[in-house]
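Reader: I should like to examine the aromatic contacts of this structure and the reasoning behind each label. Please begin once the structure is shown.

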Amino acid sequence: MDADLTPAELTVLGLLVEKPRHGYELDEVINTRGMREWTEIGFSSIYYLLARLRDRGLIAEVDTSRAARGKARRIYGPTAEGRRACARSAEAAVAELRPVFPPILVGLANQPVIQPERLRAALDRRAAALTEKITTIGAARDAQPELPGFIRAIFDYALGQLAAEQQWLAAYRAAELGNQPPNKPPARKAGGHDPL
């Protein structure tokens with residue numbers, strides 16, 4: 001990703017490259033597409049991000065519309081440099097494998113301090129939360145049957161990640177509850193040969 005564009009800036013810039021929008025419309029699209037599941041863009045930060053992109057010359061005001069109550073809304077669109085920066089950053093974001101820092105790994109690193117029954121309860125809560133999140137994201141995707149392929153791919157990626165975690169968690173819970181190490185290798189047969 002361009003060192004100068006944060007993920008939040010790239011997200012907003014990309015939505016403006018799709019089509020010029022005002023702040024409230026950006027918020028609606030972010031909600032409808034479930035983007036808050038993978039971005040840290042709150043409603044209040046949209047205007048901050050628009051100002052940053054405008055100040056950097058990546059977007060410009062292209063129109064002003066009147067809302068129902070008569071308040072003018074500024075509509076922004078990308079500049080030529082904004083389109084180029086968006087394309088460069090989006091390509092890098094797709095191509096580069098970057099580390100993620102999920103809090104669950106910090107919790108697992110400190111698992112020895114958690115009482116066994118509390119650990120089981122925490123794992124149960126996580127399993128329930130995963131099931132609920134999969135249902136919610138799947139319903140949001142399915143409620144929009146005419147989604148463009150790239151947007152459907154975002155929903156499918158999120159669902160794939162959640163399903164992978166659900167599978168890992170089921171195996172880990174089984175191993176933890178049975179006091180067996182996760183991914184235990186199969187036992188060897190007599191004579192030292194691996195079972196077929």
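Author: This is a predicted model, and it holds four aromatic pairs.

Reader: Why is the pair of Y24 and F43 called tilted?

Author: The ring centres of Y24 and F43 are 5.4 Å apart and the planes are at 35 degrees. Rings pair if their centres lie within 6.5 Å, and planes neither under 30 nor over 60 degrees apart count as tilted, so the label follows.

Reader: What makes this pair a tie between parts apart in sequence?

Author: Y24 lies in helix α2 (residues 23-32) and F43 in helix α3 (residues 43-55), so the pair ties together parts that are 19 residues apart in sequence.

Reader: Why is Y24 called partly exposed?

Author: Its relative accessible area is 37%. Buried means under 20% and exposed over 50%, so a value in between is partly exposed. F43, at 34%, counts as partly exposed.

Reader: Why is the pair of Y24 and Y47 called edge-to-face?

Author: The planes of Y24 and Y47 are 70 degrees apart, with 6.5 Å centre to centre. Planes over 60 degrees apart count as edge-to-face, which means that the label applies. Y24 is in helix α2 and Y47 in helix α3, so this pair ties together parts 23 residues apart in sequence. Y47 is partly exposed, at 38% relative accessible area.

Reader: Which residues do ring pairs link into a cluster?

Author: Ring pairs link Y24, F43 and Y47.

Technical notes
Residues numbered from 1 in each chain as written. Predicted model: local features only at pLDDT ≥ 70, side-chain atom pairs only at ≥ 80, totals over all residues. Heavy atoms only, no water. Phe/Tyr/Trp six-rings, centres within 6.5 Å; stacked < 30°, edge-to-face > 60°. Helix = DSSP H or I, 4+ residues; strand = E, 2+ residues; numbered from the N terminus. Buried < 20%, exposed > 50% of the residue type's maximum accessible area, 1.4 Å probe, protein only.
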